[in-house]
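Biologist: I am new to this model and would love a close look at a single part, the surroundings of one of the ligands. Please take me through it slowly.

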Amino acid sequence: MLDYVYPRYKVLRDADQCIKCGVCERSCANEVHRVDNDLGRVVADHMKCVNCQRCVVMCPTRALSIVEWPQVGNGSNNWTLSAMQDIARQAQTGAVLLSSMGNPQHYPIYWDHLLLNASQVTNPSIDPLREPMETRVFLGGRPGALKVNERDRTVVSPMPPRIKLDVPIMFSAMSFGSISLNAQKALAMAAQELGTYFNCGEGGLHADLERFGDRAVVQVASGRFGVDMHYLETAAMIEIKIGQGAKPGIGGHLPGEKINAEVSRTRMIPQGTDAISPAPHHDIYSIEDLRQLVFSLKEATRYTKPVAVKIAAVHNVAAIASGMARAGADVIVVDGFRGGTGAAPKRIRDNVGIPIELALASVDARLRDEGIRSRVSLVAAGSMRSSADVVRAIALGADAVYCASAALIALGCHQCQDCASGRCNWGIATQREDLTRRLNPEIAAERVVNLVHAWTHEIKEIMGGMGINAIDSLRGNRLMLRGVGLNEKELEILGVKYAGEQ
Ligand code: SF4
Ligand code: SF4
């Protein structure tokens, strides 16, 4: 059949720079480059390039660059080249288009419309180099009222189980299978070093990572992959995954190519066959059912661990979150529609869900209105690109944030969105041994630690500039935010004033 699909990218090779060393050929699992001794040059199969940029980084002479394929569309805003190419692909295969990572479409990024405040003259700023700044956060349920011992002023109320984060940033769920063991190990080591937590996702906890159990959040998802008593007992926190920002309303999907013997053992599923977790939990059809699962998990672990519930940010997210709080969740995780994934149907990823900024603000406001905000902790996820996004999320009501894509970018990910193929040239979203070996967990962990240290310094500087010396004082403090380029409805949902407004 005639193929109507064009390459997406073009590999440009500077012939004067290229020394024909073959590094690019050896670097590329997609077999884009080939040293052709007969032609006396290196040739490229553009069709296979996914723009992971491994070859660009590895080329010793900087001879390579990747550009978009120069084909133009017909000028229509409606029938764009990309829309027509998707149709051509589906006409050829009859298949649902799969993609990876977060929603790349041109929806508003509200973080970029929220400016941060700084003190001037009154309420002077605080110098984080000279004065203590508190970045510790506790996640878990909270008692309705605190009883204090009158004599020594110590708290005597029984405290529900909580986890302590030294920084308000955790690494979100990425399962063994969707990412390599080396990538997961790097995140676990970084979490230990930073005094925070990684999340093993719905793929079970690999035996090698059990030693990081006190830094692990383990997921109980609809497929129940890898879940047994030992798994629950090893973890610091348990997270029931109802939904994921990148694919609200559907289950997880791990392509069979990524399920090798190790993944199969850890997930307790057959090797080489697609692992599709069901869209709903088959025992949850109401808030009462959710409550049963929350309390079953608490009971099973003798009320020693907080239980979180994670949902995707969807239209009625605030009402759902209110139900979750009443169902006994200690931590509510809301994942916005720009959150990443190892594999998702492209149409779902690009069209379903709502931005985390609006979802977070409306959940926080609803829980406050109902007087139950203080019962639970709130974690925001779905594209935290910098320390400034973290500060904005906390000011909109989050206790802490989950970050995944930024951590993977620190490991080398170039957001090529080809994770589902299992051929990640950076050794991250792959189980191929020749590729996973490329990621040294120690070096990778150090890069993630550096990133979070840098963000933490910046968070302290931003808070100091605001005259705030603790994350607790920033949480839900919308006075520290002002909107630009937003309409009245958006400002109302976000609960912020316009820039310049008193
Ligand atoms: S890695 Fe760079 S120098 Fe080596 S063959 Fe490829 S393009 Fe040429
Ligand atoms: S993890 Fe690998 S395959 Fe996935 S987007 Fe990043 S570089 Fe591409």
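Modeller: Gladly! Helices (H or I, at least four residues) and strands (E, at least two) are DSSP runs, numbered from the N terminus. The model is predicted, with local features needing pLDDT of at least 70 and side-chain atom pairs counting only at pLDDT 80 or more, while totals for chains, interfaces and linings use all residues. Residues are numbered from 1 along each chain as its sequence is written, and chains are lettered from A and ligands numbered from 1 in the order in which they are written.

Let us settle on ligand 1. Around it are 15 residues, each with its C-beta atom, placed from the backbone, within 6 Å of the ligand. Cys18, Cys21, Val23, Cys24 and Cys59 are the closest. Sorted by class, this shell holds ten nonpolar, three polar and two charged residues. Here Ala, Val, Leu, Ile, Met, Phe, Trp, Tyr, Cys and Pro count as nonpolar, Asp, Glu, Lys and Arg as charged, and the others, Gly among them, as polar.

The UniProt record, an unreviewed entry, lists Cys18, Cys21, Cys24 and Cys59 under "binding site". These four span 42 residues in sequence, yet no two of their C-alpha atoms are more than 10.5 Å apart, so they gather at one spot. A small caution: such annotations may be inferred rather than shown by experiment.

Now pick out two of these cysteines. Cys18 sits in the loop that runs between strand 1 (9-13) and helix 1 (23-27), whereas Cys24 has its place in helix 1. How buried or exposed is each of them? Cys18 is partly exposed, because 16 other C-beta atoms lie within 10 Å. Cys24 is buried, because it has 25 such atoms within 10 Å. The cut-offs are 20 or more for buried, 12 or fewer for exposed, and anything in between for partly exposed, with C-beta atoms placed from the backbone.

Which residues do they touch, leaving aside neighbours within four places in sequence? Contact means that the two C-beta atoms, placed from the backbone, lie within 7 Å. Cys18 is in contact with Arg13, Val42, Thr61 and Ala63. For Cys24, the contacts are His33, Val42, Cys55, Met58, Cys59 and Leu64. Val42 thus appears on both lists, and Cys59, a contact of Cys24, is itself one of the recorded positions.
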